[in-house]
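Got your viewer open? Load the model and get ready to click your way through it, one selection at a time.

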Amino acid sequence: MRLDVVTIFPEYLDPLRAALLGRAIDRGLIEVGVHDLRNWTHDVHRAVDDAPYGGGPGMVMKPQIWGPALDEVCGENTRLVVPTPAGRPFTQAMAHQYAAEEHLVFACGRYEGIDQRVIDDAARRMPVDEVSIGDYVLVGGEAAVLVMVEAVVRLLPGVLGNSRSAEEDSFSDGLLEGPSYTRPEVWRDLAVPDVLRSGNHALIDRWRRDQALERTVRRRPELIGLLPEGSLDKHDLKV
Ligand SMILES: CC(C)N1CCN(Cc2ccc(Cn3ccc4ccc(-c5n[nH]c(N)c5C#N)cc43)cc2)CC1
């Protein structure tokens, strides 16, 4: 997979080259390009924004700059992803879809966003997704790209070590994960639940399932209704 990011703050994407993602790049599992949008400006001020038609607060990013940038960065097999507060919610299912793509390009807007004609023009040549990572307002798209890239790249074969597989994720069975514990057995007079030290893996699995169900009902009750038919057995229904 190749990922490209177009932004006016390329340094904001430096974390892509750290830790797990950095190791995935070093191991050739992914290729990453970060491009400064101002490289496609021609005026002395390197302007990328202008006042919005129809008035209103803030500035809008210029199509004459974004257009040539995306023409150069996008290819024949590109899916363009544009973070925006008005986007479709980014989900684990979308992360899996994106992990199967050959080439993702992320267009990071700033100010009040990118002129809509940039998205409309790109959509004439490639799949374009306008996506939001959550119902809160950021200052630009870069933080959203870091979130999405991490969610996608961790799903690629070989990225997560043997000690961890994406199949065990929260949401893989539609429920939130339950609590986790490690040594010591007692810490600040708080003990690890006895069942986890019992060695009885059937009981442990049952306990973990109960904890996941209880946590999901308490924190995200709407997920229960989304479980596939038959997901809950008669024991689950007692929880
Ligand atoms: C008409 C007028 C009164 N409107 C009032 C509300 N404004 C909403 C507005 C507010 C801030 C920004 C800043 N910004 C620029 C590019 C950009 C990309 C992503 C995000 C973003 N925020 N939150 C998310 N989950 C995001 C994602 N993914 C934010 C971005 C962009 C847009 C838009 C203008």
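What follows is a short walk from a strand to the ligand, then out to a few loops and a helix.

Before you start: this is a predicted model, where local features need pLDDT of at least 70 and side-chain atom pairs count only at pLDDT 80 or more, while totals for chains, interfaces and linings use all residues. Residues are numbered from 1 along each chain as its sequence is written, and side-chain values use heavy atoms, with hydrogens and water left out.

**Stop 1: strand E1**

Select residues 2-7, which form strand E1. Helices (H or I, at least four residues) and strands (E, at least two) are DSSP runs, numbered from the N terminus. Is E1 mostly covered or mostly open? Five of its six residues are buried; buried means under 20% relative accessible area, exposed means over 50%, and partly exposed is in between, using a 1.4 Å probe and protein chains only.

Now add residues 31-36, strand E2: this strand runs parallel to E1, and six bridges join the two. Strands count as paired if DSSP finds at least two bridges between them. Click on leucine 3 and you'll find valine 32 of E2 opposite. Farther along, valine 6 stands opposite histidine 35 of E2.

Next, show residues 103-107, strand E6, also parallel to E1 and joined to E1 by five bridges. Here valine 6 turns up again, with alanine 107 as its bridge partner in E6.

To finish this stop, turn on helix H1 (residues 19-26): together, E1, H1 and E2 make a right-handed β-α-β unit. Right-handed means that, with the strands pointing away from you, the path from the first strand over the helix to the second runs clockwise.

**Stop 2: the ligand**

Select the ligand and its surroundings. How many residues surround the ligand? There are 18, and the closest are Glu112, Ser132, Gly134, Tyr136 and Leu138; a residue is near if one of its heavy atoms lies within 4 Å. Strands E5 (78-89) and E7 (128-132) each supply at least two residues of this shell, and E5 gives the most, with three.

Zoom in on the polar contacts, pairs of N or O atoms within 3.5 Å. Each of the next three goes to a nitrogen atom of the ligand:

- Serine 132 puts a polar side-chain atom 3.1 Å from a ligand nitrogen.
- Glycine 134 has a polar backbone atom 2.9 Å from a ligand nitrogen.
- Tyrosine 136 brings a backbone N or O atom to 2.6 Å from a ligand nitrogen.

On its own, the ligand has 700 Å² of accessible area, and the protein covers 70% of that; such areas come from the Shrake-Rupley method with a 1.4 Å probe.

**Stop 3: loops with a twist**

Go to arginine 46, in the loop between E2 and strand E3 (49-50). Its phi is near 55 degrees, a positive value in a residue other than glycine. Then try tyrosine 111, in the loop between E6 and helix H4 (116-122), where phi is also near 55 degrees.

Last loop: proline 184, between helix H5 (142-153) and strand E8 (186-187). The peptide bond leading from arginine 183 to proline 184 is cis, with omega near 10 degrees.

**Stop 4: valine 118**

End in helix H4, at valine 118. Why does valine 118 count as buried? Because its relative accessibility is 7%. Valine 118 touches Pro63, Trp66 and Leu70, leaving aside residues up to four places away in sequence; contact means heavy atoms within 4.5 Å.

Key:
A polar contact is a pair of N or O atoms within 3.5 Å; within protein, one must be able to donate a hydrogen and the other to accept it, and residues adjacent in sequence count only if both atoms are side-chain atoms.
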